[in-house]
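Welcome, and please open the model in your viewer. We will go from stop to stop, selecting a few residues each time and looking at what is there.

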Amino acid sequence: MKKLAVLGFTVLPALFVTAAIGAETINGAGATFPNPIYQQWFGEFKMAHPDVSINYQSLGSGAGIRQLTAGTVDFGASDMMMTDDQIKDMKVKPLHFPTVLGAVVLTYNIPGVTGDLNLTPEAIAGIYLGDITKWNDPKIASTNPGVNLPAKAIEVVHRSDGSGTSYIFTDYLASVSQAWKMKVGVNASVSWPLGLGGKGNEGVTGLVKQTPNSIGYVELIYAVQQKMPYANVKNASGKFVKASFTSVTAAAAAARDMPADFRVSIVNGMGAGVYPISSFTWLLVPSEIKDPTKKKALTDFLGWMLTTGQKDAEGLSYAQLPKAVVAKEQKQIALIK
C-alpha cells in the first residue's frame with residue numbers, strides 16, 4: 001500500500017504538467033449585445049473541448065475593435081461592421097463571421113402602463129431627437145388607443161459607451177428619419193441630442209428600471225431577462241411587429257444578397273413579419289494566426305458555433321443564422337491561414 005501511495009504522488013503531478021502544456025487559452029473582447037449567448041457557448045465548448053478555454057470581456061463593440069487592432073486579443077466581437085478605414089489600420093485583415101441575429105428593442109418604465117406600446121418610426125425618432133417630450137403626445141397616443149398615457153416628460157436613456165447596439169439603433173433611425181441622418185448620423189458613439197447615458201446593455205436596462213417615465217434601447221434578451229415591457233415597432237410594410245426570433249429571422253430573409261465579406265445591414269427591411277431593428281452580430285477573426293494550436297482552437301470553435309451552437313439561439317431570444325449564410329461561413333473558415 002505504501003508503494004502505491006508513493007506512485008500516486010509521483011505520477012499525478014506529471015499528469016497535471018501534461019494537461020497544462022496541452023491547454024490553450026483564447027482571449028476575446030467586444031459586443032455586449034451577444035454576450036449572453038457567447039458566455040453560454042464558450043462554457044459549452046469548454047465542456048466538449050477541456051483543453052481550450054475562451055475568455056470573453058463584454059466591453060462594447062468599439063472596445064472590441066480597438067483591442068483587436070492593437071493585438072491585445074485573439075478575436076474581437078462587434079454588432080457593427082468594421083469600416084474599410086478600420087480594416088486598413090490592421091496589420092492582419094480581419095474576417096467577419098456572423099454568429100446569430102438579434103433585435104434592439106425599445107423598453108420603457110411608465111407607471112400604470114404594463115402592456116406593449118405601438119411605436120412608429122416617427123415617434124421613436126421624435127423622442128430621441130427631443131421633438132416629442134411627453135408620453136401623451138398625439139404621435140404616441142394615436143397608435144395606442146385605450147392606453148392611459150400620462151402627461152409626463154419622457155426620460156430618454158441611451159448608451160454612454162461606444163456600442164454596436166447604438167450603431168444598430170442609429171442605423172435604423174437614419175434609415176427612417178432624414179432629420180436624424182442629417183443632425184446625428186450613424187455610429188457606435190454619437191452626440192445624443194438629450195438623455196441619460198448607461199454603460200452597456202446592462203447599464204441602460206438598469207437606468208430604465210429605476211427611472212419612472214423612461215425609455216431606452218437594449219438588446220432583446222436583456223428586456224426578456226428583466227421582465228421589462230418592450231414596444232411593437234411599425235415596420236416598412238406598415239405592420240406593428242414585436243421582436244422575436246421569428247420576426248428577426250424574417251428580417252434576415254429580407255436581405256437576400258449576402259456580400260462575400262458578410263458586411264450587411266438588415267435594418268428597416270421589407271416584409272409584413274419583419275422586425276425592423278434587427279441585425280447580425282459578428283466575430284472578428286484575424287485571417288492569419290501564426291500559433292498553430294491557437295488557430296486550431298479558434299477554427300474548431302467557429303465550426304462548432306455554426307452547427308451545434310446555433311441550437312442555443314432561440315432559448316436566449318436570438319435567431320439562428322440562415323442555412324445559406326452558415327454554408328458560406330463554413331467555406332470562409334478555410335481562409336484563416
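## First stop: the cavity

Select Asp79, Met81, Tyr167, Ile168, Asp171, Val264, Ser265, Ile266, Val267, Ser278, Ser279 and Trp282: together they line the largest cavity. Two elements, α7 (164-176) and β11 (278-286), each give two or more residues to that lining. Keep in mind as you look around that this is a predicted model.

How many cavities of 30 Å³ or more does a search of the whole structure find? The search turns up 1, and the volume of the largest cavity is about 50 Å³. If you colour the lining by class, you will see 7 nonpolar, 3 polar and 2 charged residues around the largest cavity. As background, rolling a probe the size of a water molecule over the atoms is what shows where empty space is left.

Keep Ser279 selected, since it belongs to the cavity lining, and add Leu149. From C-alpha to C-alpha, Leu149 and Ser279 are 30 Å apart in space, and 130 residues separate them in sequence. Leu149 sits in the loop between α6 (138-141) and β6 (155-159). Is Leu149 buried or exposed? Its relative accessible area is 10%, under the 20% cut-off, so Leu149 counts as buried.

## Second stop: the largest pocket

Now clear the selection and pick Gly71, Val73, Val92, Pro286 and Glu288. Of the 16 residues that line the largest pocket, these five lie nearest its centre. The volume of this pocket is about 360 Å³.

Next, show α3 (61-70) and α12 (292-305), each of which supplies at least two residues of the pocket lining. Which element gives the most to that lining? It is α3, with 3 residues. Coloured by class, the pocket lining has 8 nonpolar, 2 polar and 6 charged residues.

## Third stop: rings

Stay with α12 and select Phe301, then add Phe42 from α2. The count of aromatic pairs comes to 17, and Phe42 with Phe301 is one of them: a tilted pair, 5.3 Å centre to centre with 55 degrees between the planes. Because Phe42 lies in helix α2 and Phe301 in helix α12, the pair ties together parts that are 259 residues apart in sequence. Both Phe42 and Phe301 are buried.

Widen the selection to Tyr38, Trp41, Phe42, Phe45, Tyr56, Phe75, Phe301 and Trp304, and you have a cluster linked by ring pairs.

## Fourth stop: a β-α-β unit

Helix α2 (residues 35-48) leads to the next view: with β1 and β2 it makes a right-handed β-α-β unit. Show β1 (residues 24-30) and β2 (residues 52-58) as a cartoon; the two strands run parallel and are joined by 7 bridges. To check the register, label Ala29 and look across to Gln57 in β2, which stands opposite.

## Last stop: an open sheet

Finally, select β5, β9 and β10. They form an open sheet of 3 strands in the order β5-β9-β10, with mixed pairing. Which strands stand at the edges? They are β5 (118-119) and β10 (240-241); each has a single partner strand, so one side of each is left without a neighbour in the sheet.

Zoom in on β9 (residues 232-234), which runs antiparallel to β10 and is joined to β10 by 2 bridges. Label Val233 to end the tour: its bridge partner in β10 is Val241.

How values were computed:
Residues are numbered from 1 along each chain as its sequence is written. This is a predicted model: local features need pLDDT of at least 70, side-chain atom pairs count only at pLDDT 80 or more; totals for chains, interfaces and linings use all residues. Side-chain values use heavy atoms; hydrogens and water are left out. On a 1 Å grid over the protein atoms alone, a cavity is a set of points where a 1.4 Å probe fits but cannot get out, and a pocket is an open set with protein on both sides within 12 Å along at least five of seven lines; lining residues have an atom within 4 Å of a point. Grid points are joined across faces, edges and corners, and a volume is the space filled by probe spheres set on the points. Helices (H or I, at least four residues) and strands (E, at least two) are DSSP runs, numbered from the N terminus. Ala, Val, Leu, Ile, Met, Phe, Trp, Tyr, Cys and Pro count as nonpolar, Asp, Glu, Lys and Arg as charged, and the others, Gly among them, as polar. Two strands pair if DSSP finds at least two bridges between them. A crossover is right-handed if, with the strands pointing away from the viewer, the path from the first strand over the helix to the second runs clockwise. Rings of Phe, Tyr and Trp (its six-membered ring) pair if their centres lie within 6.5 Å; planes under 30 degrees apart count as stacked, over 60 as edge-to-face and the rest as tilted. Buried means under 20% relative accessible area, exposed over 50%, partly exposed in between (1.4 Å probe, protein chains only).
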